[in-house]
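Here are my comments on the model you sent, set out as numbered points. I begin with the ligand site and then turn to the way the chain is divided.

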Amino acid sequence: MTQTLPSAAVLGARAFAALEGLNRFTDEPGKLTRLYLSPAHRQAAEWTLGAMEVAGLAAHIDAAGSVQGRREGPVPGGACVMIGSHIDTVKDGGRFDGNLGVVAGILVAQALRDAGIVLPFALEVIAFGDEETVRFPTSFSTSAALVGRYDEGWFSARDSEGVILRDALVGFGGDPDGIPALARKPGSIKAYLEIHIEQGPVLEAENEPVGIVTAINAQKRARVRITGEAGHAGTVPMALRKDALTAGAEMALALEAIASAHENAVGTVGVFRPDPGATNVVPGALDFTIDFRAPKNETLASMDRAIGERFAAIAARRGVGLTMTPYSHDNATPMAQALQDALAAGIARTGSNLSARRLPSGAGHDAMIMARLCPAAMLFVRNEKGISHSPLENMTEADAGVAIRVLLETVLELARQDS
Ligand code: GLV
Ligand code: MN
Ligand code: MN
């Protein structure tokens with residue numbers, strides 16, 4: 001059966017060619033920036049829809065802007081194995097984060113169709129659109145829609161230009177009223193599988209092309225607004241200032257110290273916007289974001305308490321106002337043990353002598369959301385120097401091919417287990 005399947009080398013070449021096609025679509029020429037519901041996202045979604053159709057899937061762009069493709073199994077409307085990832089990117093991001101997982105799903109569907117393999121279940125491929133949550137303060141809204149956990153408060157979330165998500169979704173061609181109907185029923189997805197670039201240095205250090213994810217770390221994000229007093233940079237004495245930016249700077253350093261003091265934790269201030277932002281004006285207000293993560297829920301809760309206390313103390317001492325608005329909180333999410341084992345079996349079925357290295361994920365993924373509805377698992381691909389969320393993000397064509405071949409064998413392993 002498997003002799004007719006493409007080799008890892010062929011799959012790697014196909015993946016890189018497909019990524020070149022998909023990554024033409026960007027909101028910023030010269031960079032890869034593809035934010036949720038932007039014109040580049042729409043173009044990329046249409047490209048993805050076309051690629052799914054070429055791979056023999058019935059495809060459509062759904063109410064939330066995800067691209068869904070499906071090939072029926074023996075029972076029309078029956079349970080499926082779903083392969084997916086996301087096609088939105090951070091600003092000036094890398095070529096593989098998300099995009100590779102979508103292309104991998106399409107190539108698996110195509111290879112199975114070309115080999116004439118009939119699966120005992122339906123096969124679906126999905127390209128989520130809001131994994132990075134860079135444009136709006138949501139939390140994996142497109143996968144949340146699929147698992148029936150869409151927060152309708154997200155409709156009024158604003159981007160940095162003041163556009164609300166509901167209007168952006170309608171402008172994209174989506175349908176806010178159609179979102180509840182996207183929720184899949186428990187039992188309708190037998191397995192969710194996602195290939196993703198590691199976004200870290202572990203596999204490279206251990207000379208392993210792929211690794212099986214054991215769990216995704218807990219994470220929380222909030223928007224913070226500091227209100228001080230704008231004033232003349234030349235005339236307001238230091239002792240009389242209520243400088244919103246320096247208060248925020250002290251909070252950013254406090255976050256850094258708190259994260260460093262907790263086991264395997266991280267904390268990041270990724271957005272920092274003083275208002276009015278002029279050379280000769282004491283900043284009267286500041287907006288910034290915090291993102292902090294840890295392998296254990298208890299660690300995250302302890303960081304959360306420490307951040308709240310330290311930020312409040314800094315604001316009180318400096319006489320500035322402080323508003324913290326959390327917008328995303330995800331518990332640590334173990335990946336399904338049986339699917340981790342199926343991926344290991346997939347690795348073994350390739351006939352290679354790769355070890356099935358298991359490792360946790362510090363980055364968040366749609367798999368974390370999907371795990372609330374169905375068994376979910378991820379396969380990481382070795383990442384050059386561990387660099388991600390950067391245009392320097394890189395992997396080899398050979399490693400991409402190995403990962404897709406493993407995914408193909410894993411789907412066949414699930415078919416074997418099913419029949
Ligand atoms: C998604 O890329 C994340 O921020 O973990
Ligand atoms: Mn990603
Ligand atoms: Mn990312």
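1. In this predicted model, a backbone N or O atom of G364 lies 2.7 Å from an oxygen atom of ligand 1. Two side chains also offer polar atoms to the ligand: one of R221 lies 2.9 Å from an oxygen atom of ligand 1, and one of H389 lies 3.1 Å from an oxygen atom of ligand 1. With the protein in place, 94% of the 200 Å² of accessible area that ligand 1 has on its own is covered.

2. Which residues surround ligand 1? The shell is made up of E131, E132, R221, R293, A363, G364 and H389, and by residue class it divides into 1 nonpolar, 2 polar and 4 charged. G364, whose backbone was described above as lying 2.7 Å from a ligand oxygen atom, is thus listed in this shell together with A363.

3. The domain assignment splits the protein chain into domain 1, which is given as 2-217 + 332-418, and domain 2, which is given as 218-330. The C-alpha centres of domain 1 and domain 2 lie 33 Å apart, and 17 residues of domain 1 are in contact with 13 residues of domain 2.

4. How much area is buried between domain 1 and domain 2? The value is about 1100 Å², and carbon and sulfur atoms give 39% of it. On the side of domain 1, P137, N217 and A332 supply 45% of the area buried against domain 2, which is more than any other three residues supply.

5. As for specific interactions, the count between domain 1 and domain 2 is 1 salt bridge, and there are also 6 residue pairs in polar contact between domain 1 and domain 2, with both residues at pLDDT 80 or more. The side of domain 1 that touches domain 2 consists of 7 nonpolar, 7 polar and 3 charged residues.

6. A salt bridge that deserves a look in the viewer is formed by the side chains of D330 and R372, with an N to O distance of 3.0 Å.

Notes: Residues are numbered from 1 along each chain as its sequence is written. Chains are lettered from A and ligands numbered from 1 in the order in which they are written. This is a predicted model: local features need pLDDT of at least 70, side-chain atom pairs count only at pLDDT 80 or more; totals for chains, interfaces and linings use all residues. Side-chain values use heavy atoms; hydrogens and water are left out. A residue is near a molecule or strand if one of its heavy atoms lies within 4 Å of it. A polar contact is a pair of N or O atoms within 3.5 Å; within protein, one must be able to donate a hydrogen and the other to accept it, and residues adjacent in sequence count only if both atoms are side-chain atoms. Accessible areas come from the Shrake-Rupley method with a 1.4 Å probe; for residues, only the protein chains shown count as cover. Ala, Val, Leu, Ile, Met, Phe, Trp, Tyr, Cys and Pro count as nonpolar, Asp, Glu, Lys and Arg as charged, and the others, Gly among them, as polar. Domain bounds come from an automatic or database domain assignment. Contact means heavy atoms within 4.5 Å. Buried area is the accessible area (1.4 Å probe) that two parts lose on being put together, summed over both. A salt bridge is a side-chain nitrogen of Lys or Arg within 4 Å of a carboxyl oxygen of Asp or Glu.
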